[in-house]
Amino acid sequence: MKTIKTFSILTILLCLSQCGVSKFDENPSFIVKNATFSTWVGGLPGVRGTKVEISIIDNSSILFESLYFQNKITKVEKVITGSKTMLIANYNTSKVLNDRILDINPKKEIKNQLPKVDNFPFQLKKNEAVLSFIENGKTKFYKIKNITTIN
């Protein structure tokens, strides 16, 4: 009985500690001037993606990590051109499945990998994103709202 009680308490504490992870930094040391996204289509059928561009004012040594956008996660690239600083995230949304074996014999399809099901950590609107960054050795999150579409 003590084991069940101890396990229950540890589970509750773990759940409560995870709630603190999703807190957003309301006053980061950088300023988001504007954020846009656009979809693109490649030269082959099924090849497409989304590009997110975030214009920022940044005078610090922040390490920008990832962008969470439309239930996808990718690394961001910091590009500095003159006095302009941009964060760019590219999402591949292609539906090309060249690595799948499709056969009438199900035994031949056994080598197919199962699709990855990731639990997306944030609930966001279609025009919202979360930027993760490291500042002073601590990972922080900043929510970007009202990302405009360019098409």
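pLDDT is the predictor's confidence in each residue, on a scale from 0 to 100, and the legends below refer to this score because the structure shown is a predicted model.

**View 1. Confidence along the chain of the predicted model.** Averaged over the protein, pLDDT is 82, and 79% of the residues score at least 70. Among the elements of the protein, helix 1 (residues 2–19) has the lowest mean pLDDT, at 51, whereas strand 3 has the highest, at 95. Over residues 13–21 the score stays under 50, and for this stretch the model has 1 contact beyond four places in sequence. Where pLDDT is low, the predicted coordinates should not be read in detail.

**View 2. The whole protein, with 1 helix and 9 strands.** Followed along the sequence, the elements come in the pattern α-β-β-β-β-β-β-β-β-β. Of the 151 residues, 26% count as buried, and the protein exposes about 11400 Å², of which carbon and sulfur atoms supply 56%. Among the contacts with a separation of 6 or more, 53% are accounted for by residues 24 or more positions apart.

**View 3. The open sheet of 4 strands, in the order 4-3-7-8.** The pairing in this sheet is antiparallel. Strand 4 (72–75) and strand 8 stand at the edges with a single partner strand each, so one side of each is left without a neighbour in the sheet. On average, and with direction ignored, neighbouring strands of this sheet are turned by 20° against each other. Strand 3 (residues 63–69) and strand 7 run antiparallel and are joined by 6 bridges, and leucine 63 has isoleucine 134 in strand 7 as its bridge partner.

**View 4. The hairpin of strand 7 and strand 8.** Strand 7 pairs with strand 8 (residues 138–144) in the antiparallel sense over 7 bridges. Between the two strands of the hairpin there are 2 residues, and asparagine 136 in the turn has a positive phi of about 55°. Glutamate 135 stands opposite lysine 138 in strand 8, and phenylalanine 133 stands opposite lysine 140, also in strand 8.

**View 5. Serine 132 and its surroundings in strand 7.** Strand 7 (residues 129–135) is mostly covered, with 6 of its 7 residues buried. Is serine 132, which has a relative accessible area of 1%, buried or exposed? Buried means under 20% relative accessible area, so serine 132, at 1%, counts as buried. Leaving aside residues up to four places away in sequence, serine 132 touches Phe64, Glu65, Ser66, Tyr68, Lys140 and Phe141. Two of the strands already shown help to place this list, as strand 3 covers residues 63–69 and strand 8 covers residues 138–144.

**View 6. The open sheet of 5 strands, in the order 5-6-2-1-9.** The pairing in this sheet is mixed. Strand 5 (77–81) and strand 9 (148–149) stand at the edges, and since each has a single partner strand, one side of each is left without a neighbour in the sheet. Further in, strand 2 (residues 48–58) and strand 6 (residues 84–92) run antiparallel and are joined by 8 bridges. Isoleucine 56 stands opposite threonine 85, which belongs to strand 6.

Terms used: Residues are numbered from 1 along each chain as its sequence is written. This is a predicted model: local features need pLDDT of at least 70, side-chain atom pairs count only at pLDDT 80 or more; totals for chains, interfaces and linings use all residues. Side-chain values use heavy atoms; hydrogens and water are left out. Buried means under 20% relative accessible area, exposed over 50%, partly exposed in between (1.4 Å probe, protein chains only). Contact means heavy atoms within 4.5 Å. Accessible areas come from the Shrake-Rupley method with a 1.4 Å probe; for residues, only the protein chains shown count as cover. Two strands pair if DSSP finds at least two bridges between them. Axes are lines fitted to C-alpha atoms, for helices over the stretch in contact, and angles run from 0 to 180 degrees between N-to-C directions.
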